[in-house]
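Got your viewer open and a hand on the mouse? Let's take a walk through this protein, one selection at a time.

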Amino acid sequence: MTKMHRMGAFTQFWVGAAALAMTLISTQAWSNDSVLGGSVILDRFEATFEREKGSPAERAEIFIGSAGEATLTLVDLSDSRSKNIASATVMLNGETLLKPSDFRKKESTYELPVTLLAGANEITVKLAGKPGTRFDLQVQQEVSTGVTSRIHFNTQVSSFRDAREFYRRLGFNFSIDFPQTNTAAVARAIGIEIPPGTDFKAAEWEERLDEDRAVGFPIGVDGGYLLKGQLIGLPLFFARGFFIDLIEFTIPRRDDPPYEKINHLGMAMAAMETADIEYDYNYLVSNGIEVLAEPITNPDGERFAIFKDPDGVYYQLIETNSSFIDDDGDGERDIETNINRLGKVTINVSDLSVSVPFYERIGFQVVRDTYETGSSDVAEALGMPIGFQRKGTLMALADGSQVELVQWINPFDPAPPYSGPVNHIGIGRIAFTVENITGAVEKLKQLDSDIAFVSEIAPCCTGDLSDSGIIAFYDPDGTVLEFTGPR
């Protein structure tokens, strides 16, 4: 099993994953202003600097940016020519941008191209001259706003140990550890508020912190959560649907069972694609894994079977015209099954006419409509009554990752998706990488003024100055989606 332990490697992974996703997809130049894409201009920094009485003092400010070009603008706010800026020094990340002699021109505005670092950037200003001299300093940066890839869907479990062994038997041998605890900001990003009176010095908490520190996760506890989790994937995960975000929450714990049926609003199930469904069906059954029925072909021509993980979370095995994983080229399967890709996530919605445009706004495009009913054998394979009625739309991102939106007509279950926080056993959220999370959120708010966010963007995952961030938000039915990417 391959692992990446260090926090530095963990952070670099997220940055690298976003860049990798950009190279793997066929990038499209969005001309449609009604979807995420294109660019926005962000105000990265703005402050007023004034010359006080006494010796000139140096003032430093930290702000967050993305690696790349930006524009620094200085506007003289002095109220008379006698108080024009006479002497000042402006530095960015240790490089002098403006020096005292530059102000001899007595310009009212100075505009300079600058280069920002990913994450923390430092502006340093030393203003001399007459007391009362003052200027406004602003840094703006144009950033791209597109969604680049699905990075994972999240499955909560009651026992990480049991679940990890289950998924390992299916072939999910690649894993990346992440911290077992985190900051209050990261917790709030997924809707978690730790109950008052929680003992952050409890023996179990301290033990988990020690484990995190031992593998290089220097996370300070200020009211976050406690969990055990990994990102798990198939070999060469980046070409095979990326990850399942597998988590067992300890604090706060929630043991409510997952959805009983696949027609419940929310994320009902996720697909695993296979090169040989008959082989894998027999493998599942022989390993005591619950499968609803033998493989059957649905009206769309997909041969499928639905099975459950140890907690009863639904997965759909779908046969595709592909081959088993044989990365070493010896003609033998590299894993126990013929599963070779994480496929679509099925999201049940109450109204397709509302949900399809919503998912289009975040970058999905309609592939096709999906079947409305099926035979008694299909009904049995779905765990649904004979004569069921539904409407569906398959949608895809440019990287090929898919969701199937399904509106159940009969039987319809009006119960809402899992309520927050997202620690309920089951498939709780999907995370997408974006080119720039701050820009994507600003653009999304412009496109949909009614969109509800779980919290503000949270720095992730090395503290307030992290160059990446996460944010969760709701689809029209309350299903949780997540963006992650450079800030």
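Here is a tour in several stops, each with something to select and a look at what is there. Before you start, keep in mind that this is a predicted model.

**Stop 1: the open sheet**

Start with the strands of one sheet. In what order do its eight strands lie? Going across, you meet β14-β15-β16-β13-β17-β20-β19-β18, and the sheet is open, with mixed pairing. Now colour β14 (296-297) and β18 (365-370): these two stand at the edges. Each has a single partner strand, so one side of each is left without a neighbour in the sheet. As background, strands of a sheet pair through backbone hydrogen bonds, either parallel or antiparallel.

**Stop 2: two hairpins in a row**

Stay with β14 and select β15 (residues 303-308) as well. The two strands run antiparallel and are paired over two bridges. You can spot one facing pair by selecting Thr-297, which stands opposite Arg-303 in β15. Together β14 and β15 make a hairpin with five residues between them, and Gly-301 in that turn has a positive phi of about 90 degrees.

Next, add β16 (314-319). β15 and β16 also run antiparallel, joined by five bridges. Show the side chains of Phe-307 and Tyr-315, because they make a handy landmark: Tyr-315 in β16 is the bridge partner of Phe-307. This pair forms a hairpin too, with five residues between the strands, and there Gly-312 takes a positive phi near 90 degrees.

Is β15 mostly covered or mostly uncovered? It is mostly covered: five of its six residues are buried.

**Stop 3: β13, β17 and a helix on the sheet**

Move along to β13 (residues 266-274) and β17 (residues 339-348). They pair in the antiparallel sense over seven bridges. Select Glu-273 and you will find Arg-341 of β17 standing opposite. Now bring in helix α6 (residues 352-361), which packs on the sheet. The helix touches β17, β18, β19 (389-396) and β20 (402-410). Turn the view until you can compare directions: that of α6 makes about 10 degrees with that of β19.

**Stop 4: a residue with plenty to touch**

Select Asn-338, in the loop between β16 and β17. Is Asn-338 buried or exposed? It has 3% relative accessibility, so it counts as buried. Leaving out residues up to four places away in sequence, Asn-338 touches several others, among them Glu-273, Asp-276, Tyr-279 and Arg-333. You have already met Glu-273, opposite Arg-341.

**Stop 5: odd spots in the backbone**

A rule of thumb first: most residues other than glycine have a negative phi, and most peptide bonds are trans. Here are some places that go the other way.

- Select Ile-251 and Pro-252: the peptide bond between them is cis, with omega near -5 degrees. Pro-252 sits in the loop between β12 (243-251) and β13.
- Select Asn-410 and Pro-411: their peptide bond is cis as well, with omega near 5 degrees. Pro-411 is in the loop between β20 and β21 (426-434).
- Select Leu-236, in the loop between β11 (226-233) and β12. Its phi is near 50 degrees, a positive value in a residue other than glycine.
- Select Phe-242, also placed in the loop between β11 and β12. Phe-242 is not a glycine either, yet has a positive phi of about 60 degrees.

How covered are those last two? Leu-236 is partly exposed, with a relative accessible area of 41%. Phe-242, at 5%, is buried.

**Stop 6: a hidden space**

How many cavities of 30 Å³ or more turn up in a search of the whole structure? There are six. The largest holds about 330 Å³ of space. To find it, select Tyr-225, Arg-429, Cys-460, Cys-461 and Ile-470, which lie nearest its centre among the 21 lining residues. Elements giving two or more residues to this lining include α1 (7-24), β11, β12 and β21, along with β23 (468-474) and β24 (480-486). Colour the lining by class and you get 14 nonpolar, four polar and three charged residues.

**Stop 7: the largest pocket**

Finish at the largest pocket, which has a volume of about 310 Å³. Select Ser-66, Ala-67, Glu-435, Asn-436 and Pro-486: of the 18 residues that line the pocket, these are the closest to its centre. Two elements, β3 (68-76) and β8 (134-144), give two or more residues to the lining. Which element gives the largest share? That is β8, with four residues. By class, this lining has five nonpolar, eight polar and five charged residues.

Conventions. Residues are numbered from 1 along each chain as its sequence is written. This is a predicted model: local features need pLDDT of at least 70, side-chain atom pairs count only at pLDDT 80 or more; totals for chains, interfaces and linings use all residues. Side-chain values use heavy atoms; hydrogens and water are left out. Two strands pair if DSSP finds at least two bridges between them. Contact means heavy atoms within 4.5 Å. Axes are lines fitted to C-alpha atoms, for helices over the stretch in contact, and angles run from 0 to 180 degrees between N-to-C directions. Buried means under 20% relative accessible area, exposed over 50%, partly exposed in between (1.4 Å probe, protein chains only). On a 1 Å grid over the protein atoms alone, a cavity is a set of points where a 1.4 Å probe fits but cannot get out, and a pocket is an open set with protein on both sides within 12 Å along at least five of seven lines; lining residues have an atom within 4 Å of a point. Grid points are joined across faces, edges and corners, and a volume is the space filled by probe spheres set on the points. Ala, Val, Leu, Ile, Met, Phe, Trp, Tyr, Cys and Pro count as nonpolar, Asp, Glu, Lys and Arg as charged, and the others, Gly among them, as polar.
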